[in-house]
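This briefing is intended for a first-year student. Please keep the sequence and the structure in view while reading, and locate each named residue in turn.

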Amino acid sequence: MKITEIVLTPVAFRDPPLLNSAGVHEPWALRTIVEVHTDEGISGLGETYGDIAHIERLRQVVPSLIGLDAFALGPMHQRVAAALHGVTGFDTHGLTGKFSAPGTVDRVYSPFEVACLDIQGKAVGRPVVDLLGGAVRTEIPYSAYLFYKWAGHPSAKLGDEEPDQWGAALDPAGVVAQAKQLIDQYGFKSIKLKGGVFAPDQEVEAIKALREAFPGTPLRLDPNAAWHPETGIKVARELDGIVEYLEDPSPEIEGMAEVARSAPMPLATNMCVVSFEHLAPAVEQDAVQVILSDHHYWGGLTRSAKLAAICETFGIGLSMHSNSHLGISLAAMTHLAAATPNLTYACDTHYPWNAADDVVVPGVLSFKDGSLTVPSGPGLGVELDRDVLARLAENYRTCGIVKRDDTGYMQKFNPEYEKRRPRW
Ligand code: GKR
Ligand code: MG
């Protein structure tokens, strides 16, 4: 089954002003929708980042994939590596760690692999989860992903914003209210708070307020490496018995190892271990006890299964990371989580923040009690809504954003703002 054509469609969709240690989300989030077509008339879908530099790298490899068998994933990875000739990508927010040349290959390869698995599933009439070894669970729990946020996007200056459907969350009461809203709507049974926005004491207070409002619900805090190791150690001690894990308190493997030596709870990361070459030093230093896998940068679903095996070997726990995304990614994440026995934490997802603009035909991806049922149709089990795709592609052409820049957007309203990691 030969690949005959690959279509890349950059899209932009509405994103609320979510705050993090790099700044604040812009009004539009970017993704690229990948469609792989074959000579047997079967097509597959993938979804990946939408920054211009990433799109250029996707474009660079497409010609070398034409003519390849849609089942030839090993050769496909090799062709992507050859086409990129050691190119190292980069992002400016740094929220998913440092890019290396092998990590860049995995990021670029991922959406093509997912699309080919979609094709393979359709060809044999089985869901992708079956190609990954079969479902060890059919309901996949996701966590309520809370963000500090402004009431809405400012039109000219901070303070003049028209509130969006979630309103502001800038203190512990706002964070608890946001959790209630997400839990009422989706039924989530775990909570993650994105931190690194306010001084650590205030974020600890917010976590304690969540503990009081939701007794027994697993909690996590993720400041995206905003703290010096000594601050990380202090916070870890204060949150003993309150969070199930503390995510990326401090930068780099060495910083995480320093915190881990004194932290009473496991430390998790999606920043210092983001590629296979980071695993050996992290294991040697016992820097992280949980890895947030993410098929968008670990090289697709089959290479994420390899990561899971390595984590199992070294007794490292597994959770799942997310960035702003649409339903093709959510379907792929759900199939992967269903097939990964040691993925025992509820997965992260930004989906509730962006669901209104999904490119996938509604119905299949609907949360019940905080979980998604693994789609049962062949392949990923989701279908593109062509009208929405056309609308989001037009958004991309007109929105004026070609790369995610949380820091630059924050500086528009607060010119003094500097991205500092660690800050406290
Ligand atoms: O969307 O602002 C965000 C997050 O901070 C995201 O970019 C991170 O990569 O969700 C992420 C995380 O867990 O670090
Ligand atoms: Mg994180």
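Is Asp248 buried or exposed? Asp248 counts as buried, because its relative accessibility is 1% and the cut-off for a buried residue is under 20%. The model discussed here is a predicted one. The points below treat the annotated domain, the metal site, selected loops, helix packing and several individual residues.

**The annotated domain**

- An unreviewed UniProt entry assigns residues 172–266 the annotation "domain: Mandelate racemase/muconate lactonizing enzyme C-terminal".
- Within residues 172–266, helix makes up 53% of the chain and strand 12%.
- The C-alpha atoms at the two ends of this stretch are 24 Å apart.

**The magnesium site**

- Three residues coordinate the magnesium ion (ligand 2): Asp222 through OD, Glu247 through OE and Asn270 through OD1.
- The coordination distances run from 1.9 to 2.2 Å.
- Along the sequence, the donor residues follow the spacing D-x24-E-x22-N.
- Asp222 and Asn270 form a pair that links distant parts of the chain, 48 residues apart. Asp222 belongs to strand 9 (residues 219–222), while Asn270 lies in the loop between strand 11 (267–269) and helix 9 (279–284).
- Asp222 is buried, with a relative accessible area of 0%.
- Asn270 is likewise counted as buried, at 1% relative accessibility.

**Two loop residues with positive phi**

- Asp248 is placed in the loop between strand 10 and helix 8. Its phi is near 40 degrees, a positive value in a residue other than glycine.
- Asn224 occurs in the loop between strand 9 and helix 7. Phi of Asn224 is near 50 degrees, which is again a positive value in a residue other than glycine.
- Asn224 is also buried, and its relative accessible area is 2%.

**Ser250 and its surroundings**

- Ser250 is located in the loop between strand 10 and helix 8.
- With a relative accessible area of 2%, Ser250 is buried.
- Which residues does Ser250 contact, leaving aside its neighbours within four places in sequence? They are Ala225, Trp227, His228, Pro229, Gly255, Met256 and Val259.
- Ser250 and Trp424 are 174 residues apart in sequence, and their C-alpha atoms are 9.8 Å apart in space.

**Packing of helices**

- Two packed helices are described by the angle between their axes and the distance between the axes.
- The axes of helix 3 (residues 101–124) and helix 10 (residues 300–313) come within 6 Å of each other and cross at roughly 110 degrees. Angles of 65 to 115 degrees count as roughly perpendicular, and helix 3 and helix 10 are therefore described as roughly perpendicular to each other.
- From helix 3, the residues Asp106, Tyr109, Ser110, Glu113, Val114 and Leu117 take part in this contact. They meet Gly300, Leu301, Thr302 and Arg303 of helix 10.
- By type, the residues of the contact between helix 3 and helix 10 divide into 4 nonpolar, 3 polar and 3 charged.
- In helix 7 (residues 229–238), the buried residues are Pro229, Thr231, Gly232, Ile233, Val235 and Ala236.
- The elements that cover these buried residues of helix 7 include helix 6 (200–213), strand 10 (245–247) and helix 8 (252–262).

**Tyr142 and Thr9**

- Tyr142 sits in the loop between strand 6 (139–141) and strand 7 (144–147).
- Tyr142 is buried, with a relative accessible area of 1%.
- Not counting residues up to four places away in sequence, Tyr142 touches a set of residues that includes Phe188, Lys189, Leu330, Met333, Asp348 and Phe367.
- Tyr142 and Asp348 are 206 residues apart in sequence, yet 5.8 Å apart in space, C-alpha to C-alpha.
- Thr9 forms part of strand 1 (residues 3–14) and is buried, with a relative accessible area of 14%.
- The contacts of Thr9, not counting residues up to four places away in sequence, are Arg31, Thr32, Ile33, Glu35, Leu389 and Ala393.

**A cis peptide bond**

- Which residues does a cis peptide bond join? The bond joins Arg421 and Pro422, with omega at about 5 degrees.
- Pro422 lies in the segment that comes after helix 14 (406–413).

Technical notes:
Residues numbered from 1 in each chain as written. Chains lettered and ligands numbered in written order. Predicted model: local features only at pLDDT ≥ 70, side-chain atom pairs only at ≥ 80, totals over all residues. Heavy atoms only, no water. UniProt positions renumbered as here; feature names shortened; annotations may be inferred. Helix = DSSP H or I, 4+ residues; strand = E, 2+ residues; numbered from the N terminus. Donors = N, O, S within 2.8 Å, 3.2 Å for Na, K, Ca; no water. Buried < 20%, exposed > 50% of the residue type's maximum accessible area, 1.4 Å probe, protein only. Axes fitted to C-alpha atoms, helices over the stretch in contact; angles between N-to-C directions. Parallel < 35°, antiparallel > 145°, perpendicular 65-115°, else oblique. Contact = heavy atoms within 4.5 Å. Nonpolar A, V, L, I, M, F, W, Y, C, P; charged D, E, K, R; others polar.
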